[in-house]
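Please look at the structure below, and keep it in view while reading this report on its ligand site, its domains and its enclosed space.

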Amino acid sequence: MGTATIQAVRGMNDVLPDEAALWQRIEDAARDTFAQYGYRNLRVPIVEPTALFVRGIGDGTDIVEHEMYTFDDHGESLTLRPEATAGIVRAAIEHHLTYDRPQRVWTAGPMFRHERPQKGRYRQFHQFDVEALAFAGPDVDAEQIIMLGRLWKRLGLDGMALQINSIGDARERHTHRRALTGYFRANFAKLDADSQRRLESNPLRILDSKNPEMQAVVAGAPQLFDLLSDDAESRRHFSELQGLLQAAGVRFEVNPNLVRGLDYYNRTVFEWVTTRLGAQGTVAGGGRYDGLFEQLGGAPTPACGFAIGIERLVLLLREARAVGEAVPDAYVVHVGAAPAAALALATGERLRDAGLAVVVHAGGGSFKVQMKRADASGARWALIVGDDEVAANRVAVKPLRAAGEQIALPPEDVAAHIRAAH
Ligand code: HAM
């Protein structure tokens with residue numbers, strides 16, 4: 001009784017210290033890059049009223065239909081956020097954030113979707129979510145795409161491909177939807193079960209089908225832009241966006257079947273994809289959502305944003321190459337009486353004051369065992385303190401990664417010695 005171990009919930013992962021170093025590198029790079037473009041951090045709750053997502057994301061979407069973690073909280077229906085955009089827009093409306101000026105904001109954290117877990121797809125996953133609120137674009141659409149290109153470069157990621165599309169405005173989408181429904185009805189027998197089911201609820205999603213047998217019928221579907229007049233606003237928006245991306249040297253492919261899985265989008269949609277992650281190749285996705293503020297009870301406010309899946313970035317970076325681990329500059333080994341431990345701790349503090357990263361051995365053990373730990377830590381230096389060092393007020397400094405003699409230095413000179421040798 002009571003001996004069975006308890007395991008994490010399926011699809012919800014621990015990030016252990018070896019991997020967390022890479023997460024931190026990604027987080028630092030993302031934060032710095034967003035700040036370089038004037039995006040400021042904001043934080044919204046992980047739990048929101050269920051109605052926010054039903055109204056925001058759309059009740060015909062996979063997320064709202066099947067994937068939400070919804071629970072009753074003393075009579076109020078709440079949901080673990082499956083994404084961040086709806087919550088950010090709710091916060092913007094609630095706090096009048098865009099009352100007198102536009103806002104560039106970002107947030108990061110866990111999202112929850114009850115999906116079938118597989119590589120790159122989890123039930124708790126993490127996103128950076130970036131939003132430009134009260135910007136009509138297409139300049140800001142281009143800015144966000146260019147910013148992502150800069151982030152990939154900074155992380156040393158190549159092989160990321162950009163796909164863009166315009167899904168038009170609400171009225172145009174309505175026309176398109178009618179044309180699509182008519183076309184797919186006429187081809188009903190060629191649709192797989194999933195698409196037959198989607199025909200009435202969300203025919204646009206049929207375009208997104210990954211079933212190879214569906215590709216021919218999808219390829220023949222009416223395209224939005226064929227239904228629009230030459231001077232339609234959304235057509236102009238899309239061609240300006242393409243011009244801005246070309247001028248910035250960002251390569252892209254127009255994919256007329258890129259529709260995205262959330263209902264709030266209009267005009268610009270985009271995804272950065274890689275072929276290195278199998279079926280879960282979309283690393284970042286987003287687009288414009290000019291109608292969402294109104295849909296959630298706010299004033300009409302154009303906006304554009306995207307989210308990056310952090311787990312997918314981690315997988316990619318791990319696959320791309322071995323990533324440099326953060327290692328301490330020095331590892332302090334101490335054996336002998338209590339004053340040796342005190343000198344070891346004091347030496348650690350001194351070196352940290354000088355900006356170095358230091359691990360002071362804890363938990364005792366022989367000199368040999370401690371030196372093994374020092375070596376395994378990856379530190380460039382072992383600092384050794386024993387009774388002799390305490391008596392002479394010295395610290396023995398031994399290089400671990402390069403040739404060189406061990407020397408004894410006064411504690412206050414150790415930092416400078418290490419710095420000089422780097
Ligand atoms: P999304 O396409 O649903 O968009 O998710 C964005 C990214 O989150 C995906 O490209 C993927 O990298 C990651 N992601 C999604 N689901 C999972 C999962 N189950 N496991 C691991 N990673 C996942 C949105 O969430 C929108 N809110 C983006 C946005 C912001 N649009 C406008 N502003």
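How far does a polar side-chain atom of Glu131 lie from a nitrogen atom of the ligand? The distance between these two atoms is 2.9 Å, in a model that is predicted, so that local features need pLDDT of at least 70 and side-chain atom pairs count only at pLDDT 80 or more, while totals for chains, interfaces and linings use all residues. Residues are numbered from 1 along each chain as its sequence is written, and side-chain values use heavy atoms, with hydrogens and water left out.

**The ligand and its surroundings**

The table lists polar contacts of the ligand, a polar contact being a pair of N or O atoms within 3.5 Å.

| Protein side | Ligand atom | Distance |
|---|---|---|
| Glu131, polar side-chain atom | nitrogen | 2.9 Å |
| Tyr265, side-chain N or O atom | nitrogen | 2.6 Å |
| Val283, polar backbone atom | oxygen | 3.1 Å |

On its own the ligand has 650 Å² of accessible area, and the protein covers 96% of this, as computed by the Shrake-Rupley method with a 1.4 Å probe. There are 27 residues around the ligand, of which Glu83, Glu115, Glu131, Arg260 and Tyr265 come nearest; a residue is near a molecule if one of its heavy atoms lies within 4 Å of it. By class, this shell holds 10 nonpolar, 9 polar and 8 charged residues, where Asp, Glu, Lys and Arg count as charged, Ala, Val, Leu, Ile, Met, Phe, Trp, Tyr, Cys and Pro as nonpolar, and the others, Gly among them, as polar.

At least two residues of the shell come from each of strand E6 (124-133), strand E10 (282-288) and strand E11 (303-309), and E10 gives the most, with 6 residues. Strands (E, at least two residues) and helices (H or I, at least four) are DSSP runs numbered from the N terminus.

**The enclosed space**

The structure holds 1 cavity of 30 Å³ or more, a cavity being a set of points, on a 1 Å grid over the protein atoms alone, where a 1.4 Å probe fits but cannot get out. The largest cavity contains about 40 Å³ of space, and its lining, made of residues with an atom within 4 Å of a point, consists of Gly60, Asp62, Glu65, Arg197, Arg198, Ser201 and Asn202. Helix H3 (62-67) and helix H7 (193-201) each supply at least two of these residues, with the largest share, 3 residues, coming from H7. This lining has no nonpolar, 3 polar and 4 charged residues.

**The domains**

The chain is divided into domain 1 (17-168 + 228-320) and domain 2 (330-421), with bounds that come from an automatic or database domain assignment. The C-alpha centres of domain 1 and domain 2 lie 47 Å apart.

Note on methods:
A polar contact is a pair of N or O atoms within 3.5 Å; within protein, one must be able to donate a hydrogen and the other to accept it, and residues adjacent in sequence count only if both atoms are side-chain atoms. On a 1 Å grid over the protein atoms alone, a cavity is a set of points where a 1.4 Å probe fits but cannot get out, and a pocket is an open set with protein on both sides within 12 Å along at least five of seven lines; lining residues have an atom within 4 Å of a point. Grid points are joined across faces, edges and corners, and a volume is the space filled by probe spheres set on the points.
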